[in-house]
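Subject: Structure handover and notes

Dear colleague,

I am passing on the structure we spoke about, and my notes on it follow below. Please open the model alongside the text, since the notes go from residue to residue.

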Amino acid sequence: MAKGTVLVSGGAGYIGTHTTVALVEAGYDVVVIDNFSNSEPSAIKGVENILGKKINFVEIDTCNIVDLRKVFENYKFESVIHFAAYKAVGESMTEPLKYYQNNLVSYMNILQLMKEYGRPNVLFSSSATVYGDADILPVTEETPRKPATSPYGNTKQMAEDILHDCCRAYDGFYGIALRYFNPIGAHTSAQIGELPRGVPNNLLPYITQTAAGIRECLSVFGDDYDTPDGSCLRDYIDVLDLAKAHVAAVDRMTEGRMKEKYEIFNVGTGRPVSVLELITRFEKANDLKLPYKIVGRRDGDVPAVWADTSLANEELGWKAERDLDDTLRACWAWEKHLRNIK
Ligand code: UFG
């Protein structure tokens, strides 16, 4: 008997694929939906290879409520994990309507149908971006959110508030927002991982593509911050640990263990790592040299952010466990798998 069934929107994406694997391994049935707008059908194949079986997959756009309704008609699930969203901070600055339209409409459709069909549990993918440039570090869930500095960040804040309002208003409606710090890594099988399109915005895919010779040189955005080595500090969370946090949150909802109808958890390691430190660790873990140069600061970067994870540790019974060097080896193994590098 399955523990329950979970609808996973955006389940072909980076975090969606790893979470789908973790859910099935933990005993859940899944229904995955994705429109491959920023992912590939091969990601679903990768998931099925790891699990050694087919999963329920429906190719639809979550913004299309007619198609989404069919999924609610055809499958019984108690919980949804809503990953489906655009995620490029810079692009959201130049194309705000694309972000508001896609990220909010898809979300409203999910919430509307969860309510209509009496499906109780909503898990939303939020982000540490809601903390902005926090005054006190590490940040706890109580740390005040700062006004969003991008439409992307704004959609995360709005989505949190909408979920909170729904949980307050509707009986039998429960929500958890997981605030992710910086997800990195790949499955140890190298069957699934991050698949950025074009030039990567994020640090790890840029590092691995530079190591693979696809990019000439990594630019380090600033070494004059008020941090120990002058480069920015982030909390890099292994995607396998992150996936397990989703399982723990779904368990909590499914087993009726929530203390409030709407809860928020930070999902990070609690350890700050600088950009320069990460480069050195990557080089050592993989026994290679990475060409890099220091350039000016990137607009919108906060100097430092890392998580206080006590709440997730205590309430979800979850803790980040993966060793950073193993994570960095998995990143490189995945890039080599993609590029057929021996
Ligand atoms: N960086 C570089 N060179 C690069 C890319 C990044 O030096 O080529 C640096 C950045 O300046 C930053 C660090 O590496 O200091 C991490 O940058 P990422 O772009 O990988 O991640 P961010 O911390 O900027 O953003 C991530 C997610 C966002 C999310 C945010 C929350 O990408 O979606 O964390 O804090 F909103």
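Leaving aside residues up to four places away in sequence, L23 touches V6, V8, Y28, V30, I81, V247 and V250. Please bear in mind throughout that this is a predicted model.

L23 is a good way into the interior, for it is listed with L178, L316 and W318 as having the most contacts inside the largest nonpolar core, which has 42 residues. The elements that give two or more residues to this core are β1 (5-9), α1 (14-25), β2 (29-34), α2 (41-51), β6, α8 (239-254), β11 and α10 (310-316), and of these α8 gives the most, with 9 residues. There is also a second, separate core of 24 residues, and V71, Y107, L113 and F124 are included in it.

L178 leads on to the strands. Strand β6, which spans residues 174-180, is mostly covered, with 6 of its 7 residues buried. Strand β5 (residues 121-127) pairs with β6 in the parallel sense over 7 bridges, and in this pairing S125 stands opposite L178. Between these two strands the chain passes through helix α6 (residues 151-169), and the resulting β-α-β crossover is right-handed. β6 also pairs in the parallel sense with strand β11 (residues 262-267), here over 6 bridges, and L178 stands opposite F265 in that strand.

Which residues does H18 touch, once those up to four places away in sequence are set aside? They are A186, H187, I192, G193, V239, L240 and A243. H18 itself is found in helix α1, and because its relative accessible area is 2%, it counts as buried. A polar atom of the H18 side chain lies 3.1 Å from the backbone nitrogen of H187, so that H187 appears both in the list of residues touched by H18 and in this polar pair.

P196 lies in the loop between β7 (182-184) and α7 (203-211). Its relative accessibility is 29%, and it therefore counts as partly exposed. Not counting residues up to four places away in sequence, P196 touches P205 and Q209. If you would like a distance to check in your viewer, the C-alpha atoms of P196 and S92, which are 104 residues apart along the chain, are separated by 16 Å.

Finally, as cysteines often come up at the bench, how many disulfides does the model contain? The count comes to 0 disulfides. C166 is in no disulfide, and the nearest cysteine sulfur to its own, that of C167, is 6.8 Å away; likewise C167 is in no disulfide, with the sulfur of C166 as the nearest one, at 6.8 Å. The pair is not counted because a disulfide requires the two sulfur atoms to be within 2.5 Å. As for their surroundings, C166 counts as buried because its relative accessibility is 12%, and C167, with a relative accessible area of 1%, is buried too.

With best wishes

How values were computed. Residues numbered from 1 in each chain as written. Predicted model: local features only at pLDDT ≥ 70, side-chain atom pairs only at ≥ 80, totals over all residues. Heavy atoms only, no water. Buried < 20%, exposed > 50% of the residue type's maximum accessible area, 1.4 Å probe, protein only. Helix = DSSP H or I, 4+ residues; strand = E, 2+ residues; numbered from the N terminus. Pairing = 2+ DSSP bridges. Right-handed = clockwise from strand over helix to strand, strands pointing away. Core = buried A, V, L, I, M, F, W, Y, C linked by side-chain atoms within 4.5 Å. Contact = heavy atoms within 4.5 Å. Polar contact = N/O pair within 3.5 Å; in protein donor to acceptor, adjacent residues only side chain to side chain.
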